[in-house]
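Colleague: I have just opened this one and would like a guided look. Could you take me through it?

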Amino acid sequence: MASRMKISAVADSMGVQPFRTLLYGPEKVGKTTEAAKADGVVAIDVEGRMGHISVPKFPMVTDWDEIMEALDELAESKHPYKNVLIDSVSAVEKLLKRKIMKESGWSAEAADEFGRWQKLAISSYWPDLFTKLERLEREKGMGSIMTAHLMVKNMKNPSGEPYDRFRPGISGDRGPELFLHWCHDVLYVAYDDLIRIEKRSGKERIRTSTSGDRVVYTKHAPSYDAGNSCGLPDPMSFSWAEYVRCREEGLSSLPTVLKRIGELIPQIKDESVRERVRDYARSNAGNVTTCQQIASRCAEIIEEQSKSAEVSTAK
């Protein structure tokens with residue numbers, strides 16, 4: 001049997017990347033409505049709030065097993081769908097907790113003790129969900145789009161004061177991390193709110209207002225989780241069409257960015273640094289955002305080398 005591991009196969013597949021997208025944010029910001037605009041989408045309605053949206057969808061699910069059955073059906077049947085939308089993983093988690101309690105014979109208190117049910121969810125059940133979504137990606141070329149509620153998590157800071165961060169509404173410390181790791185794009189959707197401090201009669205008052213516009217944050221910040229692998233601008237206006245446009249634009253730039261990295265790496269004089277950069281570039285060759293950062297860092301290293309050489313010459 002001829003090997004599939006050919007350079008030509010790598011070249012042919014560049015830029016082809018089904019969605020692995022998680023949208024999270026406050027209620028009524030339009031996450032589900034926009035996600036339902038994805039091309040060829042079929043929805044798994046867990047919340048029961050999609051009745052007003054004209055989109056193909058399975059009957060509302062009532063337990064974890066039905067979600068698994070819906071994903072198996074998509075994998076094993078012929079259909080025209082290109083993307084599956086799960087609305088929402090926060091609601092899925094409630095069904096998952098109920099399943100774990102039933103199978104383990106735990107009361108609610110016993111399940112919550114020491115995060116027992118969360119540990120099981122992280123070690124077995126969420127990976128099962130990802131495996132089924134990966135099967136759809138591999139066998140059907142389908143993308144995965146998920147929504148999640150918003151939660152506020154107090155973060156411990158070893159070097160300073162603790163602070164609050166917006167996170168996808170998935171329980172535990174490791175729950176959100178699983179989705180941040182698996183998804184290509186984790187997008188925090190919010191209203192464009194303005195907060196200002198007014199001083200009157202020696203007192204400070206906080207005033208808030210909003211334009212009503214929706215924005216999506218695509219890169220990590222201390223106050224919220226976000227990230228993307230396709231070079232999205234940050235922030236950007238929130239619409240599915242705009243997201244797809246920027247995503248395709250970013251992915252199409254990958255060959256150019258990789259070529260640029262290939263030109264810069266040989267100019268790094270320190271052999272150990274050069275090899276570390278080369279290894280890191282190889283392991284992240286499909287991530288546009290990371291590759292852009294690598295190219296920028298290479299340019300900085302080369303510039304630092306040049307300045308160091310000029311100082312040595314001057315001496």
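**Strands, helices and a few unusual bonds**

Modeller: A place to begin is strand E2 (residues 41-45), which pairs with strand E3 (residues 83-87) in the parallel sense over 5 bridges, and please keep in mind throughout that this is a predicted model.

Colleague: Which residue of E3 is the bridge partner of Val41?

Modeller: The bridge partner of Val41 in E3 is Asn83.

Colleague: And what kind of unit do E2 and E3 make with helix H3?

Modeller: Together with H3, which covers residues 64-76, the two strands make a β-α-β unit that is right-handed.

Colleague: How many residues of E2 are buried?

Modeller: In E2, 5 of the 5 residues are buried, so the strand is mostly covered. Val41, Ala43 and Asp45 point one way from the strand, while Val42 and Ile44 point the other way, and buried residues are found on both sides.

Colleague: What about E1, is that strand enclosed or open?

Modeller: Strand E1 (residues 20-24) is largely enclosed by the rest of the structure, because 5 of its 5 residues are buried. Arg20, Leu22 and Tyr24 point one way from E1, with Thr21 and Leu23 pointing the other way.

Colleague: Which strand does E1 pair with, and in which sense?

Modeller: E1 pairs with strand E4 (residues 143-148), in the parallel sense and over 5 bridges, and within that pairing Thr21 stands opposite Ile145 of E4.

Colleague: Stepping back, how many helices and strands are there in the protein?

Modeller: The secondary structure comes to 11 helices and 9 strands. The protein has 315 residues, of which 42% count as buried, and it exposes about 17800 Å², with carbon and sulfur atoms supplying 51% of that area.

Colleague: What share of the contacts join residues at least 24 apart?

Modeller: If you take the contacts between residues at least 6 apart in sequence, 64% of them join residues at least 24 apart.

Colleague: Switching to helices, at what angle do H4 and H6 pack?

Modeller: Helix H4 (residues 89-104) and helix H6 (residues 116-140) pack at an angle of about 105°, and their axes are 10 Å apart. That makes H4 roughly perpendicular to H6, because angles of 65 to 115 degrees count as roughly perpendicular.

Colleague: Which residues meet there?

Modeller: On the H4 side they include Val89, Val92, Leu96 and Ile100, and among the H6 residues that they and others in H4 meet are Trp117, Leu120, Ala121, Tyr125 and Trp126.

Colleague: Where are the cis peptide bonds you hinted at in the heading?

Modeller: One cis peptide bond joins Asp87 and Ser88, with omega at about 0°, and Ser88 has its place in the loop between E3 and H4. Another cis bond runs from Asp234 to Pro235, where omega is near -5°; Pro235 is found in the loop between strand E8 (203-217) and strand E9 (236-237).

Colleague: What is the phi of Lys28, and is that residue buried or exposed?

Modeller: Lys28 has a positive phi of about 65° although it is not a glycine. Its place is in the loop between E1 and helix H2 (31-35), and with a relative accessible area of 68% Lys28 is exposed, because the cut-off for exposed is over 50%.

Colleague: And Phe114, where is that one?

Modeller: Phe114 is in the loop between helix H5 (108-112) and H6. Phi of Phe114 is near 60°, again a positive value in a residue other than glycine, and Phe114 is exposed, with a relative accessible area of 66%.

Colleague: There is a Phe166 as well; which strand is that in, and what does Phe166 touch?

Modeller: Phe166 is found in strand E6 (residues 163-168), and at 30% relative accessibility Phe166 counts as partly exposed. Leaving aside residues up to four places away in sequence, Phe166 touches several residues, including Tyr24, Leu150, Met151, Tyr188 and Tyr224. Phe166 and Asn154 are 12 residues apart in sequence and 8.9 Å apart in space, taken from C-alpha to C-alpha.

Colleague: Last one: where is Thr290, and is that residue buried or exposed?

Modeller: Thr290 has its place in helix H11 (residues 288-314), and Thr290 is buried, because its relative accessible area is 10% and the cut-off for buried is under 20%. Not counting residues up to four places away in sequence, Thr290 touches Tyr280 and Asn284.

Note on methods
Residues numbered from 1 in each chain as written. Predicted model: local features only at pLDDT ≥ 70, side-chain atom pairs only at ≥ 80, totals over all residues. Heavy atoms only, no water. Buried < 20%, exposed > 50% of the residue type's maximum accessible area, 1.4 Å probe, protein only. Helix = DSSP H or I, 4+ residues; strand = E, 2+ residues; numbered from the N terminus. Pairing = 2+ DSSP bridges. Right-handed = clockwise from strand over helix to strand, strands pointing away. Contact = heavy atoms within 4.5 Å. Areas by Shrake-Rupley, 256 points an atom, 1.4 Å probe, with all protein chains shown as cover. Axes fitted to C-alpha atoms, helices over the stretch in contact; angles between N-to-C directions. Parallel < 35°, antiparallel > 145°, perpendicular 65-115°, else oblique.
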